[in-house]
Amino acid sequence: KDPSICSFVKLEQDGHQYPCRPHFFLQVTEDFYETTRCYEDASGVIKLPQPQGDFVKWDDLASAKRLHLDGTFFMVHDEARWVILEYSTGKLLAEDTRQLRKENGDLLRSQPEKVWKWLADRAGLDMVQRNSGLPEDFPEDGPFSVRMSGIDKTASDDDIEKYFEERDVKVKSVEQFDVPRHTA
């Protein structure tokens, strides 16, 4: 396992086709950082080099079928930028004025323990003491109620119960709702 790489999988919320989104955090060398800064334009955007050969860009919807029919390579990103992470809060800042992707900001604001431990180890920092969003007098021993949305329409009560029990959560009962659909 390479200590300069941190892989992290975030379970997705409502409205996503896939149940998780992988993230990779890399520790780069000073030379790599300085070299990429040379590719920046005046507003801090790094224009990534285009691959050789035939490929489909992320915004070329008319050619997207070539990915599956012809096996054409997919260029998911054509530009990048360096951001500043406020370690204590998880807030992302950028030198340019372009909007950050919401899901990336949300991920880092949530300060996932695995990622924050990796960052702390790389930078020689103490782990951040995260504050709970729950009231101080909130009971920790349950029982609790969970509402799930975006459930597979073929999922049975047993499937939902199995999902939680595989994660060491004891289930007392499952109730699926007709409105909104795919909610339990």
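The paragraphs below lead through the pocket, the cavity, the surface patch, the salt bridges and a few individual residues of this structure. The model is predicted, and residue numbers run from 1 along the chain as its sequence is written.

A good place to begin is the largest pocket, which holds about 2300 Å³ of space. Its lining is made up of 41 residues, and those that lie nearest the centre are F24, A80, R81, V83 and N104. Several elements give two or more residues to this lining, namely the strands β2 (20-26), β6 (79-80) and β7 (83-86), together with the helices α1, α3 (102-109) and α4 (113-123). Among these contributions, the largest share is that of β2, which supplies 6 residues. In chemical character, the lining of the largest pocket divides into 25 nonpolar, 7 polar and 9 charged residues.

The enclosed space can be considered next. The count of cavities of 30 Å³ or more comes to 1, and the largest cavity contains about 40 Å³ of space. The residues that line the largest cavity are E40, S43, G44, R81, W82, E95 and D96, and they divide into 1 nonpolar, 2 polar and 4 charged. R81 therefore appears in two places, since this residue lies among those nearest the centre of the largest pocket and also belongs to the lining of the largest cavity, where a residue is counted as lining if it has an atom within 4 Å of a point of the space.

On the surface, I5, F24, L26, V28 and F32 together make a nonpolar patch of about 480 Å². F24, one of the patch residues, is also one of the residues nearest the centre of the largest pocket. Another member of the patch, F32, has its place in helix α1, which spans residues 30-37. F32 has a relative accessible area of 43% and is partly exposed, and it can take part in a patch because the residues of a patch must have over 30% relative accessible area. L26, a further member of the patch, can be followed to S7, for the C-alpha atoms of S7 and L26 are 8.7 Å apart in space although the two residues are 19 residues apart in sequence. S7 itself lies in strand β1, which covers residues 5-11, and at 35% relative accessibility S7 counts as partly exposed.

Turning to charged contacts, the structure holds 9 salt bridges. In one of them, E79 pairs with K47, with 3.2 Å between the closest N and O atoms; this pair links distant parts of the chain, as E79 is in strand β6 and K47 is in strand β3 (residues 46-47), 32 residues apart. E79 has a relative accessible area of 29% and is partly exposed, and K47, at 45% relative accessibility, also counts as partly exposed.

A second salt bridge joins R66 to D54, the closest N and O atoms being 2.4 Å apart. Here too the pair links distant parts of the chain, with R66 in helix α2 (residues 65-69) and D54 in the loop between β3 and β4 (55-57), 12 residues apart. R66 is partly exposed at a relative accessible area of 23%, while D54 is partly exposed at 48%.

E166 and K162 form a further salt bridge, in which the closest N and O atoms are 3.9 Å apart, a separation that counts because the cut-off is within 4 Å. Both partners are exposed, E166 with a relative accessible area of 52% and K162 with one of 51%. In addition, K102, D106 and R109 are linked in a network of salt bridges.

Two glutamines remain to be described. Q111 has a positive phi of about 45° although it is not a glycine. Most residues other than glycine have a negative phi. Q111 has its place in the loop between α3 and α4, and with a relative accessible area of 8% Q111 is buried. Q129, by contrast, is exposed, with a relative accessible area of 71%, and is found in the loop between α4 and α5 (157-165). The C-alpha atoms of Q129 and S88 are separated by 8.6 Å, while the two residues are 41 residues apart along the chain.

Conventions:
Predicted model: local features only at pLDDT ≥ 70, side-chain atom pairs only at ≥ 80, totals over all residues. Heavy atoms only, no water. Patch = residues over 30% accessible without salt bridge, like charges linked within 9 Å, V, L, I, M, F, W, Y side chains within 5 Å. Areas by Shrake-Rupley, 256 points an atom, 1.4 Å probe, with all protein chains shown as cover. Salt bridge = Lys/Arg side-chain N within 4 Å of Asp/Glu carboxyl O. Helix = DSSP H or I, 4+ residues; strand = E, 2+ residues; numbered from the N terminus. Buried < 20%, exposed > 50% of the residue type's maximum accessible area, 1.4 Å probe, protein only. 1 Å grid on protein atoms, 1.4 Å probe; cavity = no way out; pocket = protein on both sides within 12 Å on 5 of 7 lines; lining within 4 Å. Points joined across faces, edges and corners; volume = space filled by probe spheres on them. Nonpolar A, V, L, I, M, F, W, Y, C, P; charged D, E, K, R; others polar.
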